[in-house]
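Biologist: Before we discuss this structure, I should like to ask how each term is justified. Please set every value against its definition.

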Protein chains: 2
Amino acid sequence: MLTDRQVLILQVIVDDFIRYALPVGSRSLSKKEEISFSSATIRNEMADLEELGFIEKTHTSSGRIPSEKGYRYYVDHLLAPQELQSADLRIIKSIFAERIYELEKIVQKSARILSEMTSYTSIVLGPAVKDNRLRRLQIVPLNRETATAIIVTDTGHVENRTFHFPSGVSPSEVEKMVNILNEKLSGVPLVELNAKIYKEIAAILRRHIQNYDLMTEVLGETFKIPSNEKIFFGGKTNMLNQPDFTDLEKVRGLMSMIEQEDGLSEMIRQNPEGISVKIGRENNNSAMENCSLITATYSVGAEKLGTIAMLGPTRMEYSRVIPLLKIVSADMSAVLTKLYQNG
Amino acid sequence: MLTDRQVLILQVIVDDFIRYALPVGSRSLSKKEEISFSSATIRNEMADLEELGFIEKTHTSSGRIPSEKGYRYYVDHLLAPQELQSADLRIIKSIFAERIYELEKIVQKSARILSEMTSYTSIVLGPAVKDNRLRRLQIVPLNRETATAIIVTDTGHVENRTFHFPSGVSPSEVEKMVNILNEKLSGVPLVELNAKIYKEIAAILRRHIQNYDLMTEVLGETFKIPSNEKIFFGGKTNMLNQPDFTDLEKVRGLMSMIEQEDGLSEMIRQNPEGISVKIGRENNNSAMENCSLITATYSVGAEKLGTIAMLGPTRMEYSRVIPLLKIVSADMSAVLTKLYQNG
DNA sequence: GTTAGCACTCTCTTAAGATGAGTGCTAATT
DNA sequence: AATTAGCACTCATCTTAAGAGAGTGCTAAC
């Protein structure tokens with residue numbers, strides 16, 4: 001168990017290091033307002049804190065920096081429920097000031113603004129399209145050989161694919177088919193479309209449509225909806241400007257991890273609902289060793305839709321980013337709930 | 001005017017430096033097969049080449065590296081019409097092996113494969129959507145308040161926007177309006193849609209549609225088509241692995257230039273039709289000082305559609321990348337011409 | 001015109017000393 | 001018993017010096 005004084009010292013060390021990115025020594029600590037005892041006392045306390053694993057040295061005679069355990073303690077116990085700075089608050093409100101009707105627009109704008117405010121990298125996972133429900137299917141012939149199939153979901157998301165048009169299928173038949181499919185499949189989650197077509201609708205179609213086989217083969221391909229969430233970025237290269245990343249090797253690793261979107265989105269998706277902070281190796285990813293990831297989920301009503309995340313150095317401004325993400329995710333949930341539930 | 005021997009030496013210097021990224025000295029040059037005279041002779045020739053501005057030293061007693069002028073001469077005069085390596089050729093052919101019906105798919109795949117083959121960064125500008133022609137307009141109501149407008153173009157490109165649905169407009173009226181618009185606007189380039197609506201169709205609409213004003217205002221917004229080409233990347237972070245970019249400052253500049261898509265696409269678009277090579281400062285961009293950009297346009301029939309570009313260090317393998325881009329752009333043009341002109 | 005030879009230049013590496021920030025420990029003080 | 005002053009010690013960083021190696025420019029010989 002830490003004494004009050006140890007906690008105070010830990011707090012000041014973390015705050016100072018977050019601010020200046022330099023190891024903190026006993027002498028400079030003793031000069032802080034909050035601290036009323038001598039550097040020697042601090043040295044003793046720091047020795048204990050180090051033994052307990054909360055801080056560490058970069059070399060034998062350096063000042064201390066927080067360890068991952070230290071950051072963890074700081075995040076869990078030392079972050080007073082922080083007020084958001086009013087300037088920050090104003091900017092956030094401006095995201096949601098104008099009425100927007102498209103989820104992607106909101107998501108993109110949030111990502112951009114968050115990264116600009118913090119100079120960290122923001123990552124937003126959109127909702128998985130596969131859970132949307134079919135609102136309307138449409139087939140638009142382009143020429144004798146090809147046509148575009150369009151799927152509109154209940155959230156206004158549009159998927160489309162252009163395909164080869166089997167010869168021997170007449171336009172009127174296509175229309176008939178589209179009508180049947182619309183009637184039977186409206187409201188079905190996209191992920192279930194294919195199964196539903198084969199199980200329940202095949203019989204009906206076969207009765208009404210010539211060339212049934214050709215058409216379903218083609219449509220089956222079309223209904224292969226991308227299974228993953230869309231991913232949006234803000235400030236992808238912001239990390240290059242952090243003083244923590246002067247080592248080209250680290251930069252390389254980090255950047256290629258960010259490029260590798262699948263892994264990143266998996267890493268983010270794993271996090272639990274609500275706010276979550278993963279520090280350094282807690283992310284189970286070697287490229288993330290010196291990074292922290294803060295995630296917040298957003299939802300419509302009670303249903304989780306996606307995740308907003310901020311990626312920064314372990315030394316990131318938790319006390320600012322956490323309330324920032326809290327409010328953005330809450331606002332986003334509110335806007336989206338209004339958008340999709342009232343309608 | 002350069003003597004044959006000077007040209008030979010320049011050629012070998014450039015080839016060697018492209019390969020090993022190290023300044024080339026007279027002694028190592030004299031050991032090359034192609035070279036049958038002594039290092040002293042080479043030194044004399046190199047002194048002349050340097051005076052003429054084709055090569056330069058990194059410091060007083062270093063070997064020589066090509067200057068931008070040297071690369072320029074190399075590209076203009078020393079690149080024998082190069083055969084593409086058969087391995088490369090096979091990979092390229094595989095891009096176009098399977099039948100694809102969507103331009104974006106082809107473009108994306110090309111970008112990815114080009115970057116993987118070369119370990120440079122590939123950038124592909126898609127065609128500007130605004131020049132596509134309207135094939136079909138569709139409005140799909142989502143709920144009482146919102147609807148999604150969908151525009152399908154003759155190339156199978158789909159644009160969509162979700163908008164607020166003015167109260168007091170009945171579904172049947174919307175349908176009537178959509179029908180009129182489809183009839184009158186089919187085949188019109190997207191960029192002209194708005195003007196056409198106001199000039200020619202307004203009168204007709206006003207006669208048939210109640211709430212005409214509300215609807216056109218909303219649709220006007222919807223028809224604001226993004227004016228720029230879509231841009232696709234392959235291997236965005238490949239440049240980090242080039243030995244030329246060990247300086248973090250350069251990396252920063254380059255990366256943020258790449259992130260800044262508008263400027264980049266402008267820089268690429270400026271280039272003339274066909275193949276173009278811009279070396280270092282020829283790109284008029286400080287972040288590109290140590291980079292070259294090779295661009296190739298692709299087209300449908302005679303109409304230029306877009307540009308494929310490869311971004312690498314000035315020290316890039318021109319002799320490989322140029323034929324690579326030539327063939328990819330030609331193949332792409334062929335596929336797209338077949339796709340869009342026969343139909 | 002070409003080449004061998006040589007003095008010279010500059011980078012890079014290594015080592016050594018000087019500096020300074022910071023520590024750990026001990027003994028004195030409160 | 002807790003705190004603090006004092007001091008020896010450690011280590012990164014900076015500066016300087018020296019040596020090695022790659023390469024050049026110039027001169028004189030071929």
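**Contacts with DNA strand D**

Modeller: A side-chain N or O atom of A:Ser61 lies 2.7 Å from a base oxygen of DNA strand D. This is a predicted model, in which local features need pLDDT of at least 70 and side-chain atom pairs count only at pLDDT 80 or more, while totals for chains, interfaces and linings use all residues. Side-chain values use heavy atoms, without hydrogens and water; residues are numbered from 1 along each chain, and chains are lettered from A in the order in which they are written.

Biologist: What makes the 2.7 Å pair of A:Ser61 a polar contact?

Modeller: A polar contact is a pair of N or O atoms within 3.5 Å, so the A:Ser61 pair at 2.7 Å qualifies. For A:Arg43, the side chain has an N or O atom 3.1 Å from a base oxygen of DNA strand D. With B:Lys57, the partner is a phosphate oxygen, at 3.3 Å.

Biologist: Which residues come nearest to DNA strand D?

Modeller: Of the 19 residues around the strand (a heavy atom within 4 Å), A:Arg5, A:Thr41, A:Thr60, A:Ser61 and B:Ser26 come nearest. Sugar or phosphate accounts for 73% of the strand's atoms within 4 Å of the protein.

**The nonpolar core**

Biologist: Why is the largest nonpolar core said to lie between domain 1 and domain 2 of chain A?

Modeller: Both domain 1 (4-78) and domain 2 (86-127 + 230-341), with bounds from an automatic or database assignment, give residues to this core, so it lies between them.

Key
Polar contact = N/O pair within 3.5 Å; in protein donor to acceptor, adjacent residues only side chain to side chain.
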